[in-house]
Amino acid sequence: MTEILFKAINTPNLTSIDVYEQTLDGYQSLKKAFEKKPEEMVELVKASGLRGRGGAGFPTGLKWSFLAKDVFPRYLACNADESEPGTCKDRELIMKNPHLLIEGMILCSYACQIETGYLYMRGEFWEYEELMDKAIDDAYAKGYLGKNIMGTGFNLDLYTHMGAGAYICGEESALLTSLEGYRGEPRLKPPFPAVEGLYGKPTIVNNVETLCAIPFITRNGPEAYSAIGTEKSKGTKLVSVSGHVNKPGNYEIPLGTPTIDLIEKYAGGIRNGNKLKAFIPGGSSVPMLPASKADTPYDYESLMEAGTMLGSGALIVIDDTANVVTEALGLAHFYMHESCGKCTPCREGTRWMYQILTDINNKQGKPEQVELLSDICDNMSFKCFCPLGDAAVAPVISSIKYFPEDYEELIGSMKTAQPVGTP
Ligand SMILES: Cc1cc2nc3c(=O)[nH]c(=O)nc-3n(C[C@H](O)[C@H](O)[C@H](O)COP(=O)(O)O)c2cc1C
Ligand code: SF4
């Protein structure tokens, strides 16, 4: 078993700074980092091959190198909004090993010459705010935060900030808008946050899991990290497995592990001895795939080749007792509720999708409604202001593509089973 992020995660009292220091050599990577120049730290992270774990899989070191040159102050915003359905890995890191995240935030800040960092947590994480605040206080008390950290002249202040439970505030530009105190709505990109982010200043937005990988890379060197995984998908990944499995939970795997192993070996197989019907590999925002594709290696490239995405790393498993229309309806409700309303295709489209799927699921659908549903998806795909619109389309359009018989079962013969606009 390869454990980087979850190493010793269940050690009693790991949230205490003393236990963290004793068990995991906590904060020792700072010494190694401070021996290097900030730009050498950026190169180190580039060489590791680490890619952002928040959803887009963008190379982390490259993102850090995009910071606008010589513009200060710069900010760090750690994205702990974790609202993607099926995703609960960041929460486990925060609640069990808060100092790993703080260490990662310090290393990122040093590499990027940042003196102020925020941890933006979804509103529902209220019970971890106190825990994180205490962990931050303890790091100040030990001299890992504050002025002149470990005598290096490097200063860093960290703050927690609670969101109000809106999914859109996980999108990086909406997160920054919310952090500034405005209503959380996405901004037009470019400019990207690394150039013009929080308060108009260069800002790094990174996911919790991404930052938690930095201490290992700093301590063990980039080669130790890039030796794990596949040629282009390096390192380990936390995968939240949910749905119709016997042992739902968060599992750390080397990237490239077959998806079927995640279901069978890690998550204990399908419940009640049923058969696998479909799976959504990357949270609710990516296309679902049929069981026949379950041997796809769980990595960025292989999942893309199979017609879907790794996304946030949440594998939602659907067994053969389910009708995918019901699954698609549940997700359509989520996106309708979470659409921020800023642009028309998403605001209107998510509602129409929900209404049509409700009709079909209630056996009150008409054959031509599937064609209408496909048409709405086509009118949303790549036409919305931010990726939430595409995300809403992905599970619905793929359910029509792979499981037309589930729609037929509920409404009789369909006018069309060929969806258009598959993202
Ligand atoms: C609708 C939407 C929701 C998102 N939610 C999250 C989230 O909860 N957590 C997260 O880290 N990234 C989320 N992202 C991705 C962020 O915009 C951003 O790419 C990410 O935080 C960058 O960090 P990374 O490079 O470490 O992956 C979301 C994106 C979209 C479009
Ligand atoms: S796509 Fe949806 S969430 Fe994104 S800006 Fe438009 S309405 Fe808001």
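Two exercises on the ligand surroundings of a predicted model follow.

Residues are numbered from 1 along each chain as written, and chains are lettered from A and ligands numbered from 1 in written order. In this predicted model local features need pLDDT of at least 70, side-chain atom pairs count only at pLDDT 80 or more, totals for chains, interfaces and linings use all residues, and side-chain values use heavy atoms, with hydrogens and water left out.

**Exercise 1.** Describe the shell and the polar contacts of ligand 1.

Step 1. Ligand 1 has 17 residues around it (a heavy atom within 4 Å). Gly-54, Lys-63, Asn-79, Asn-207 and Thr-210 come nearest.

Step 2. Sort the shell by class: 6 charged, 8 polar and 3 nonpolar residues. Here Ala, Val, Leu, Ile, Met, Phe, Trp, Tyr, Cys and Pro are nonpolar, Asp, Glu, Lys and Arg charged, and the others, Gly among them, polar.

Step 3. List polar contacts (N or O pairs within 3.5 Å). Oxygen atoms of ligand 1 lie 2.7 Å from a backbone N or O atom of Gly-54 and 2.7 Å from a side-chain N or O atom of Asn-207. A nitrogen atom of ligand 1 is 3.2 Å from a polar backbone atom of Gly-170.

Step 4. Of the 620 Å² of accessible area that ligand 1 has on its own, the protein covers 89% (Shrake-Rupley, 1.4 Å probe).

**Exercise 2.** Describe the shell of ligand 2.

Step 1. The shell around ligand 2 has 13 residues, with Cys-340, Lys-342, Cys-343, Cys-346 and Cys-386 closest.

Step 2. By class, 9 are nonpolar, 3 polar and 1 charged.

Technical notes:
Polar contact = N/O pair within 3.5 Å; in protein donor to acceptor, adjacent residues only side chain to side chain.
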